[in-house]
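Colleague: Could you take one part of this model and walk me through it closely? I'd like a connected picture rather than a list.

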Amino acid sequence: MKNVHEGGFSLIEVLITLVVLAVGLVALAKFQGTAIESGSLAKERAVAAHLAQQKLDDLRNYEVLIETDALGVVIACNATARVSYRCIATPATNVGGGGNKKADFTLILPSGNIDPPVSNVTYNRTWAVTDFCFPQTAAGKTPNEPAVTPCPAPAPAFPDFKRVTVTVTWMDLEQRKKGQADAVQTIVLRSIISASDPFYSGRILE
Amino acid sequence: MYTTFHTMTRQRGAATLVVAIILLLAMTMMTFFGVRVGVTEQRIAANDMRAKQALAVAEALVENGIAYLDHNKAVISKPFTGTAPDNDPHSWLNGRWQSCASTAVPCGYGTTNHGYVCTGLISAPPCGNGTTNIYDKPWLFYMPPAGQIAPVSDNIIYTAAYTESVSFVTPNKPNKGTAAVPPVDPFPEIHIIANVTPGADPLAGSAVIRQIVQDFSLLNNVPRVPIASGGVIELKGGTSVYGDPNPDRLFYTSLGSGMPLSLWSGSGVTITSAAAATCQPAAPNCTGTNKLSSRLSSADPKKPDGLDNVGDIVANDGKFPLDLFEHIFGVRDTDAVRIIKTRSTVLTNCDDLTSDSSGLFWITGSCSIGSIGSQKTPAILVVDGAEVSMVASGVFYGIIYFRNDGVAGGKVTLGGSAVLHGGLAAQFAPEYTMTGNPTFRYLDFSSQRPTRRNVFAKGFAKVPGGWLDQL
């Protein structure tokens, strides 16, 4: 008769426990998944901002304002030309589009997809350049006037300053896993590069 | 035993369920904790991002400021008295420069006076050298009005608009003049201060950075002589050449001090007419003993050409610069177009230039001079065309470098009573045509007050190491 009083888990109890655990765990997993997802997005955004800043710094470090041959003829912005302020431009190709170069004359930081991917994310970096000029009359410059874009004719050898907009886009890792093709993330960093001749920065130290 | 069984029987209940719920609660708490860490990380990343953007905006403002300064270099310290000829309303001395009177940005950092308000007996740098106050006046600042500096923060995704300002702060050194009496060598150093603060979005970042720029002269070494040429210099017609009236300096040809020079040539000098002469610099006219060249030629029979190296004419100077352009501008002639032409106002001829024209002009064609420059606002002309000429009543103040596109030849034509105040320099020998009584009169552009303070051939360059992410 003792068997009647022996304890044990009733089927009902186990079933209720299983249901509660299942619901709770699924909710938790989903919550954690969301948190991890947004955490990875923040990291990706930080990487993208760094990549944009990197290109801005690259474009800002030019060797000369303009390059000419010994006769004073301006050298075209091609692959073998020195890194010049004049040639900072929106890259139609990566040849002579601005920025510092490797020994084989290709850009260190070319436009397009960044290879290799950073933490399994492929970032795409491009930049656009807008020229600004201060107004000028035939007899000289007009002081205390704001710069305008595009530069009025006659076109100067190079604009007074250039506005560079670097755009980095990437496909978010989590959303890419889910196959959401349109989930493209974008950050934009914009700055200005002035025609400040490195030649004279060296001169004032003499 | 019964007791035990009884207890067990009594304690039967939903133990599994209770334990499971406790476990679930613990896991939930752990998850919440994890998420909190994640959220903090996200906040850090977002703040970092905003700071990066604010810094990018501030950097852009500094670059914009440099361009603005360079564009306005001619009027930054242009003399301004309100009456002609010093009445250019564009001059920054016409009320644009303000005295630093408060500790607000850009003169101070909010409540802190970081030294730009150098009133009283502040002796700490930058007001003083540690023991005494070297600036007896507050520094000056100028904040361009809204719209002068193109905004950069617009259209940046993920940010609200920033409040942006860029201003220029400069030490106003003692005994260097006031707005009414401009200083001798004003504003050699200007601090560009970019201030970026949150606009509509209070969460936006803020950044303050400072870039120090210093002016430089495009002129490196101007010959202290009215005519300098690597080729033969010819004086014709009734031409008079007056040398430096204050030759109390050692001339770099090491030919001794105290000697005024009229002509300096790496080749020969020929004076083809009796009326043409070099003259006593201080003399009002060029007659009699004031004619230095004729006196020298008759005085020293040992010199077959009548010229020597101890008078006011230096001919066949073996030390004449092989690259006169480099001597004057500090830039090799092969880089002339690249560095100097691009900093010049490029014109096809000199027709648009007037007595108000001041600065560096690069003339791609021939240049006919009517009246260009003044003693206060001289002009520097680099003429790449084939001819420099002065009309009969022409007046010129400044320096003409006759480059002729870097090749030999070209023409220099003067007539009537044209007066060239300053200097003419040419690497090669042009063909000189001189009729009437033109005059070359040396004018010192390197030390005279009215010309030195005129920013006629100046630029601003970043001081290496002059970047600070603070005020």
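**The interface, and a strand in chain B**

Modeller: Let's start where the two chains meet: about 6,000 Å² is buried between chain A and chain B, and carbon and sulfur atoms give 63% of that area. On the chain A side, N144(A), R190(A) and Y200(A) lose the most area to chain B, together making up 12% of what that side buries. Bear in mind that this is a predicted model. In terms of contacts, 71 residues of chain A touch 71 residues of chain B. Salt bridges between chain A and chain B come to two. K43(A) makes a salt bridge with E41(B), with the closest N and O atoms 4.0 Å apart.

Now for the part I'd zoom in on, strand β3 of chain B, residues 162-170. Seven of its nine residues are buried, that is, under 20% relative accessible area, so β3(B) is largely enclosed by the rest of the structure.

What does β3(B) pair with? One partner is strand β2 of chain B (residues 140-142), which joins β3(B) in the antiparallel sense over three bridges. In that pairing, Y142(B) sits opposite F168(B) of β3(B). Another partner is strand β4 of chain B (residues 189-198), again antiparallel, this time over eight bridges. Along that seam S165(B) faces N195(B) of β4(B), and S167(B) stands opposite I193(B), also in β4(B).

Zooming out, β3(B) belongs to an open, antiparallel sheet of six strands in chain B, running in the order β1-β2-β3-β4-β5-β22. The edges are β1 (98-99) and β22 (458-468) of chain B, each of which pairs on one side only. Helix α2 of chain B, residues 15-71, packs on this sheet. Among the strands α2(B) touches are β2, β3 and β4 of chain B, along with β5 (207-217) and β22. The direction of α2(B) makes about 145° with that of β4(B). The strand you'd be looking at therefore has β2(B) and β4(B) as pairing partners, with α2(B) in contact too, and seven of its nine residues are buried.

As for the other side of the interface, chain A has four helices and six strands, and from the N terminus its elements run α-α-β-β-β-β-β-α-β-α. Of its 206 residues, 42% are buried. Among contacts in chain A between residues at least 6 apart in sequence, 55% join residues at least 24 apart. Chain A exposes about 10,500 Å², with 62% of that supplied by carbon and sulfur atoms.

Key. Residues are numbered from 1 along each chain as its sequence is written. Chains are lettered from A and ligands numbered from 1 in the order in which they are written. This is a predicted model: local features need pLDDT of at least 70, side-chain atom pairs count only at pLDDT 80 or more; totals for chains, interfaces and linings use all residues. Side-chain values use heavy atoms; hydrogens and water are left out. Buried means under 20% relative accessible area, exposed over 50%, partly exposed in between (1.4 Å probe, protein chains only). Helices (H or I, at least four residues) and strands (E, at least two) are DSSP runs, numbered from the N terminus. Two strands pair if DSSP finds at least two bridges between them. Contact means heavy atoms within 4.5 Å. Accessible areas come from the Shrake-Rupley method with a 1.4 Å probe; for residues, only the protein chains shown count as cover. Axes are lines fitted to C-alpha atoms, for helices over the stretch in contact, and angles run from 0 to 180 degrees between N-to-C directions. Buried area is the accessible area (1.4 Å probe) that two parts lose on being put together, summed over both. A salt bridge is a side-chain nitrogen of Lys or Arg within 4 Å of a carboxyl oxygen of Asp or Glu.
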